[in-house]
Amino acid sequence: MEAQTIIAKRIAQELRSGMLVNLGIGIPTLVANYVPESLNVYFQSENGLIGTGPIPEEGMMHPALTDAGGRPVSALPGACTFDSATSFGLIRGGHVDMTVLGGLQVDAQGRLANWMIPDKMVPGMGGAMDLVTGAKRVIVAMQHTAKGKPKILERCSLPLTSMRPVSLVVTEMAVIGFPEGRATLLETAPGVSVEQVVSATEAHLTITGAIPEMILS
Amino acid sequence: MKMISVEYAAALIPDGASLMIGGFMGVGSPERLIDELVRQGKRDLTVIANDNAAPGRGIGKLVTAGLVAKTIASHIGLNPETQQQMLAGKMAVDLVPQGTLIERIRAGGFGLGGILTPTGVGTVVEEGKRRIDIDGKSYLLETALRADFALVNAFLADYRGNLYYALTARNFNPVIAMAADTVIVTAENIVPVGSRPIMSSRLQS
């Protein structure tokens, strides 16, 4: 299974019926492909939409119905639109149950850096700082390493997105949580050993007892 | 409310003006007005908007033409020209978290001096700002933003200036329409007063 498929499938298991969920660009967007049909999940796009549906078929696109990347989307029955102040009121005000974002680095306490690489990539934070600060649960979807180098570090070398620790980091190798402010190995991916995760992680990982394997259908 | 041509509307805007421009990645931007600003070659503009769209699209056209001296935005990542001009020192870029940006604009339009937000506390966004603790939680004091002009796009306007927006083309538009000294609207449709139910924001300029 491809790395991003593992990550997206595992994160989809965190969804619960009735949740309002914001998905970032990249791997997070793929999570929508693995929502069980029995679940009623509402997706928010920060440009002002609740009830975001799949990418419309050719010829069914509406120029004024787009996601936060400006790409055409559909709206499900019962969808609503609103201005940006309301959209970020939803986000900062804790009305968004869960957000899934990409990550560049995460530190040992679960603090995320995902918005810039000084002098190299300065795209702007967009809505990321508000989402990490305000959503009820924050899940990071990212590859475990970049060019063989760990991304889960004792300290981030890149500027942080928020001081607030994230809830969960899901990679193609592991699920890591941060109870009591400590990076803790919760699950390993199928075929990945605890030792492999530890050697691909710079931050100290708390490991208690036998670590279960991710169950991916 | 006055009905004016797009040429006359753009001519109202002097070089060096500050503009709030609606749109999110170009969706809901007043394209005809932007095209006319480019044609008239307005210079040294300060553009306050969510993003810089992309080359050839929305605010991206102003960037390509080299008319923007400064932009205050939450995201410029999809416009490589903005990044090039920023790195070359031709354009000043002030990056602001999206929720903070729209709320600073809302404050400017709603008669507030600023807002307190938890977003950015402890990050580079905090530099140079006051941190205020309330009930054990930290917030940044973010000051209000206003502009000389708001350039708004609406799906529909009536002859009194009531505006209706389409779907996600709403975004920054109704908020900036409160926060500028002069508001210029391009509407895709203009209809008689009273032909639409009372259901959306009203604005006059």
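Okay, quick one to start: which residue in S8(B) does B:Ile21 stand opposite? It's B:Leu151. Keep in mind that what you're looking at is a predicted model.

Let's stay with that strand. S8 of chain B runs over residues 147–158, and it has several pairing partners. With strand S1 of chain B, residues 18–21, the pairing is parallel, over three bridges. With strand S10 of chain B, residues 180–191, the sense is again parallel, and there the count is 10 bridges. If you want a spot to click on, take B:Ala147, whose bridge partner in S10(B) is B:Ala180.

Then there's strand S9 of chain B, just residues 163–164, which pairs with S8(B) the antiparallel way, over two bridges. Look for B:Leu156 there, standing opposite B:Tyr164. S8(B) and S9(B) make a hairpin with four residues between the strands, and in that hairpin B:Gly161 has a positive phi near 100°.

Now, the core. What is the residue count of the largest nonpolar core? We get 111 residues, and the ones with the most contacts inside it are A:Ile139, B:Met20, B:Ala150 and B:Ile176. And here's our strand again: S8 of chain B gives the largest share of this core, seven residues. As general background, nonpolar side chains in soluble globular proteins tend to be buried together.

Zoom in on B:Ala150 for a second. Skipping anything up to four places away in sequence, B:Ala150 touches B:Met20, B:Ile176, B:Ala177, B:Ala179, B:Ala180 and B:Val183.

Next up, how the two chains meet. Chain B puts 37 residues into the contact and chain A puts in 32. On the chain B side, the elements giving two or more residues are helix H5 (98–109) and helix H6 (173–176). H5(B) has the largest share of that side, with five residues. Sorted by class, the chain B side comes out at 18 nonpolar, 16 polar and three charged residues.

Last stop, over in chain A: A:Asp97. You'll find A:Asp97 in the loop between helix H3 (84–92) and strand S5 (98–101) of chain A. So is A:Asp97 buried, exposed or partly exposed? A:Asp97 counts as partly exposed, because it has 18 C-beta neighbours inside 10 Å, and buried would take 20 or more. Leaving out neighbours within four places in sequence, A:Asp97 is in contact with A:Met19, A:Leu20, A:Val21, A:Lys136 and A:Arg137. For A:Gly51, 46 residues away along the chain, the C-alpha separation from A:Asp97 is 14 Å.

That's my tour, thanks.

How values were computed:
Residues are numbered from 1 along each chain as its sequence is written. Chains are lettered from A and ligands numbered from 1 in the order in which they are written. This is a predicted model: local features need pLDDT of at least 70, side-chain atom pairs count only at pLDDT 80 or more; totals for chains, interfaces and linings use all residues. A nonpolar core is a set of buried Ala, Val, Leu, Ile, Met, Phe, Trp, Tyr and Cys residues joined through C-beta atoms within 7 Å. A residue is buried if 20 or more other C-beta atoms lie within 10 Å of its own, exposed if 12 or fewer, and partly exposed in between; C-beta atoms are placed from the backbone. Two residues are in contact if their C-beta atoms, placed from the backbone, lie within 7 Å. Ala, Val, Leu, Ile, Met, Phe, Trp, Tyr, Cys and Pro count as nonpolar, Asp, Glu, Lys and Arg as charged, and the others, Gly among them, as polar. Two strands pair if DSSP finds at least two bridges between them.
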